[in-house]
Amino acid sequence: MVSPRFFYDRWDVEKKKSGNLAPSRKNMEGEKLPEPYKRPLLNSATTESKSYNNMTTSIQTNRRAFLAGSVLTLFCEKVAVSEQTSPLRIGMITDLHYADKDARGSRHYRESLQKIEEATRSFQTAKVDFVVELGDLIDEAKDAITETAWLQEIDSKFKKMPGRRNYVLGNHCVATLSKTDFLKTVGQEKSYYSFDAKGVHVVVLDACFRKDGVEYDQGNFNWQDCAIPAKELNWLRSDLKSTKLPTVVFVHQRLDDTERYSVKNASEVRGVLEKSGKVMAVFQGHNHKNEHREVNGIHYCTLTAMVEGRGEANNGYAILTVEPNGNLTIDGFRKQANYKWG
Ligand SMILES: [Zn+2]
């Protein structure tokens, strides 16, 4: 049995040996970026080579590279190393906007109570390891007491989902409540944090800040004015530096475009993710539609909103599977699109 580290080391050496590297990647400041994270194959029985960013690396002729393994630890310190031995499954829902109020336009607020139950059943059947709701779990109420009651109601359903529950803050979550109110009600300590699961590093971000750095608090913001402040970015930098694992990121507002509703310092945040060389994919909500974009080797996937449309046919949720061989699969239910990235 060959260790995952062995394969990674061989790839690294092969790149150095070949001299046939892809054009070097640079960030906005002109600093050289590491290659985007691509996990090495753990099983060489079926595949003898794998393309890394248009560069095919032979793993047949690397005996010398293997012997040089101890030296390679130095080179590998900053890149992700696979320790995964079984698939990691993550249940994902977003933009439920639950509220006990009549539908407005395409938003059927009350129906999220039934829609989340279907997602729970699917996640239980698939035996997901944990779940993430990607923000806007509730919609605005006329006062904090009513909104807290709505939050408790939808959260009583969310609590039935398997595994650890992760709450990403969305702008609608803090339109009437403070962040502290919201987090206390659902029992989550922090608005941004990270943890490891089955050899994968998981990061939850909070983009509910104004671009002047002020935290969203009881509607003190314009929903289009959102950013990730310096303090959180510094935390993100050191968090990614301290892990060796391939990483997935969850955030409510979008990091992959420059539309008026996207994170205002998105390119700066993407720069931090790219520089780490460990981030495989970012999952987002907020826009209520399916979208996928790859930017500098990182997948940015926007998930469909559960609140949109009447009836079960208009439900939407997903299961992300991170395979030990590095493949990412998004199994979409109802209106949610499917994706497969290898
Ligand atoms: Zn939103």
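## Terms and model

Two strands pair if DSSP finds at least two bridges between them. Helices (H or I, at least four residues) and strands (E, at least two) are DSSP runs, numbered from the N terminus.

This is a predicted model: local features need pLDDT of at least 70, side-chain atom pairs count only at pLDDT 80 or more, and totals for chains, interfaces and linings use all residues. Residue numbers start from 1 along each chain as its sequence is written.

## The chain as a whole

The protein chain holds 8 helices and 16 strands. It has 342 residues, and 41% of them count as buried. A residue is buried if 20 or more other C-beta atoms lie within 10 Å of its own, exposed if 12 or fewer, and partly exposed in between; C-beta atoms are placed from the backbone.

Contacts link distant parts of the sequence. Two residues are in contact if their C-beta atoms, placed from the backbone, lie within 7 Å. Among contacts in the protein chain with a separation of 6 or more, 71% join residues 24 or more positions apart.

## The sheet from β7 to β16

One open sheet has 6 strands in the order β7-β6-β5-β14-β15-β16, and its pairing is mixed. Its edge strands are β7 (164-167) and β16 (339-341), each of which pairs on one side only. Neighbouring strands in this sheet are turned by 15° against each other on average, direction ignored. For such angles, axes are lines fitted to C-alpha atoms, for helices over the stretch in contact, and angles run from 0 to 180 degrees between N-to-C directions.

Inside this order, β5 (residues 88-93) and β14 (residues 316-322) pair in the antiparallel sense, over 5 bridges. M92 stands opposite A318 in β14.

## D331 in strand β15

Strand β15 (residues 328-334) contains D331. Is D331 buried or partly exposed? D331 is partly exposed, because 16 other C-beta atoms lie within 10 Å.

D331 touches A318, I319 and N338, leaving aside residues up to four places away in sequence. T321 is 10 residues from D331 in sequence, and their C-alpha atoms are 8.0 Å apart in space.

## The sheet from β8 to β12

Another open sheet of 6 strands runs in the order β8-β9-β10-β11-β13-β12, again with mixed pairing. β8 and β12 (291-295) stand at the edges with a single partner strand each, so one side of each lacks a neighbour in the sheet. Here the average turn between neighbouring strands is 20°, direction ignored.

Follow the pairs across. β8 (residues 193-197) and β9 (residues 200-204) are antiparallel, over 5 bridges. F195 has V202 of β9 as its bridge partner. β9 and β10 pair in the parallel sense over 4 bridges. V204 has its bridge partner, F250, in β10.

## Strand β11 and its partners

How many of the residues of β11 (residues 279-284) are buried? The count is 6 of 6, so the strand is mostly covered by the burial cut-off. β10 (residues 247-250) pairs with β11 in the parallel sense over 4 bridges. V249 stands opposite V282 in β11. From β10 the chain crosses through helix α8 (residues 266-276) to β11, and this β-α-β crossover is right-handed (with the strands pointing away from the viewer, the path from the first strand over the helix to the second runs clockwise).

β11 also runs parallel to β13 (residues 298-302), joined by 4 bridges. F283 stands opposite C301 in β13.

## Two lysines with positive phi

K127 has a positive phi near 55° and is not a glycine. K127 sits in the loop between α4 (112-125) and β6 (130-133). K127 counts as exposed, because 11 other C-beta atoms lie within 10 Å.

K198 lies in the loop between β8 and β9. The hairpin of these strands has 2 residues between them, and K198 takes a positive phi near 50° there. K198 is partly exposed, because it has 17 C-beta neighbours inside 10 Å.

## The nonpolar core

The largest nonpolar core has 71 residues. Such a core is a set of buried Ala, Val, Leu, Ile, Met, Phe, Trp, Tyr and Cys residues joined through C-beta atoms within 7 Å. M92, I154, L205, A207, V249, F250 and V282 have the most contacts inside this core. In soluble globular proteins, nonpolar side chains tend to be buried together.

I154 touches L96, Y98, S112, L113, I116, L137 and I138, not counting residues up to four places away in sequence.
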